[in-house]
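These are my notebook entries on a structure that I went through by looking up one item after another. I put down what I looked for and what I found.

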2 protein chains.
Amino acid sequence: MNDVTDAGATFRQRLDGVAADIERVLERLLDDAPLAEERGRPQRLMDSMRYVSLAGGKRLRPFLVVETAALFKAPRARALMAGAALEFVHCYSLAHDDLPAMDNDDLRRGRPTAHRKFDEATAILAGDGLLTLAFDVLAREETHPNPAVRIALVLALARGAGLGGMVGGQMLDLAAEGRFDGGKVTKLGAADVKLLQTMKTGALLRFGCLAGAILGEATARQREALDRYGTLLGEAFQIADDLLDVEGDAATVGKATGKDAAAGKGTFVTALGLDGAKARLKDLVVQAEEALAPFGRDADVLKMAARFVAERKA
Amino acid sequence: MNDVTDAGATFRQRLDGVAADIERVLERLLDDAPLAEERGRPQRLMDSMRYVSLAGGKRLRPFLVVETAALFKAPRARALMAGAALEFVHCYSLAHDDLPAMDNDDLRRGRPTAHRKFDEATAILAGDGLLTLAFDVLAREETHPNPAVRIALVLALARGAGLGGMVGGQMLDLAAEGRFDGGKVTKLGAADVKLLQTMKTGALLRFGCLAGAILGEATARQREALDRYGTLLGEAFQIADDLLDVEGDAATVGKATGKDAAAGKGTFVTALGLDGAKARLKDLVVQAEEALAPFGRDADVLKMAARFVAERKA
């Protein structure tokens, strides 16, 4: 029993440790953002980019980069750079998804969304600026001295974030809601929900795990193991999210709940049923743990991450 | 006299030749865009990305990449890849700038803008997808076998497109219009207009010239020469644009004219006066030609490009 409690405490400490470190790195990257010249400082843009990025949160994506990179003893400072790039992409996507033309959300993590705090034009540009900054950060020598490693990160992030990944998944999601077809909601089957969510949410979480393998110059077998882990973790994350939307409490979750079901969104709960979704989630955690077998005890913290993702309450 | 006419004809042929080639490359890159799997094809997103990118036009930015790369005998196929990435960024920026929350334009190159043809959410996502695809394209081995060259392209494009470049310039432009300050329009002086436009429009044109130097693994001196040429060309382009807004004909230009002045935008014409702007434009062309001196006759087509940019009617 004590082992489990200690492990839980250790996990939480490590998660919080990365969150604190990444906050500092994000702040520094935003403060030192490359300007044409000081006179050309677009202050409102920089304020909005800070607002969108420095909203706290668990920083799960950078955590995955840091902990997968740690398997290969890759320097933590490099993992934090790649993790910051990933977090910038995640944050840009939230700012754009929240827009009136998209999900039209007023609240995010208990604060006004970017277009409510600033305005729509600023929220759009803040997202564009963060997405661009992410690639800027990956391209810097500080991220890795080997250009081949940096360019592999750029390619993997672009794939995860683009039309075969996050952006495409958001489009499929809006389409399934009947946004473009005279309000005709498509009832998605389990396979379609899985594919949509793999793209929309899973692809960036998977990149987090691939990034560690790329930074650590992993073998093909090690990279495949982390790819599989990241994919399973991504699905688990989304099922937990769908369960929270049904069973969670708005105050704890920090945003309106019950909204996805009301919008007719394709969720794992609607596709698999409540019990089916819970069973699948359990199964995914076991599989994710198994995928980490090649790394032995070194991967204990990543196994805990899988359980944490499945059991989170916010 | 015949020399000049022939040179003009040759220039137009080369410009049209790159436009035709880049159209094919853009089509191929969009058709072969990396999907998670065929079933996950976000058709409406891909249609909108095609609509935004394949609208024809002079393709001046890819032309600059191709012709600067040609100075170093870099393979044209590589220059077309980098040129396509640049054109994707240019097209994304048009789709986002046209949005109701930004410039609220209905017409672009004589066709409905992306959000009028599709809808706002699709126009936002098409832009996000194109920006991401640009970095995907630069990261591919097809762009250059040397990862150091590819990562240098990524960094330079991110700098040109980000908050120190295009996105920041757009923000300064909206701010100067009084969008965020209760409608208070800022009367910008010549130096502020220059900086704003250097960021908003110049940075991508400059990248086009830098990209050729990067692909050609130019010496520092050669790179500086092209950097200077690109910077001067960018300013000339914007002055010509501002002159067209005042003196151009909407049917030829393909969008509403007189709009910038009406919106109180900081233009070179309002800052320098009509005659001042024309004199500055002439001066910039001479300087741009001089900047190309290190390349001798090899740079004749780029000198013509500077005159073309200054004298264009659309």
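I looked up B:Arg109 and found that B:Arg109 is partly exposed, because 13 other C-beta atoms lie within 10 Å; by the rule I used, 20 or more other C-beta atoms within 10 Å make a residue buried, 12 or fewer make it exposed, and anything in between is partly exposed, with C-beta atoms placed from the backbone. B:Arg109 sits in the loop between β1 (107–108) and β2 (111–112) of chain B, where helices (H or I, at least four residues) and strands (E, at least two) are DSSP runs numbered from the N terminus. Its phi is positive, about 50°, although B:Arg109 is not a glycine.

I noted that this is a predicted model, in which local features need pLDDT of at least 70 and side-chain atom pairs count only at pLDDT 80 or more, while totals for chains, interfaces and linings use all residues. Residues are numbered from 1 along each chain as its sequence is written, and chains are lettered from A and ligands numbered from 1 in the order in which they are written.

I then turned to B:Lys73, a residue other than glycine whose phi is also positive, near 55°. B:Lys73 lies in the loop between α3 (60–70) and α4 of chain B, and B:Lys73 counts as exposed, since 9 other C-beta atoms are within 10 Å.

Next I checked B:Met81, which is in helix α4 (residues 76–97) of chain B and is buried, with 27 other C-beta atoms within 10 Å. Neighbours within four places in sequence aside, B:Met81 is in contact with B:Val25, B:Val137, B:Glu142 and B:Thr143, a contact being two residues whose C-beta atoms, placed from the backbone, lie within 7 Å. I also looked up the C-alpha separation of B:Met81 and B:Met304, which are 223 residues apart along the chain, and it is 23 Å.

For α4 (residues 76–97) of chain A, I found 22 residues and a reach of 31 Å from first C-alpha to last, close to the 32 Å expected at 1.5 Å a residue, that expectation being 1.5 Å times one less than the number of residues. Of the 22 residues of α4(A), 20 are buried, so the helix is largely enclosed by the rest of the structure.

How do the two chains meet? I found 53 residues of chain B in contact with 53 residues of chain A. The elements giving two or more residues to the side of chain B that touches chain A are α2 (43–53), α6 (120–138), α7 (147–161), α8 (166–176) and α9 (190–215) of chain B, and α6(B) gives the most, with 11 residues. One residue of α6 of chain B is B:Ala121, which counts as buried with 24 C-beta neighbours inside 10 Å; leaving aside neighbours within four places in sequence, B:Ala121 is in contact with A:Ala101, A:Met102, A:Leu174 and A:Arg179.

Finally, I looked up how the copies are related: a rotation of 180° with 0.0 Å of shift along its axis superposes chain B on chain A (RMSD 0.0 Å), the fit being by least squares on the C-alpha atoms of residues with pLDDT of at least 70 in both. The two copies are thus related as by a two-fold rotation axis. I add that 100% of the interface residues of chain B are also interface residues in chain A, so the copies meet through the same surface.
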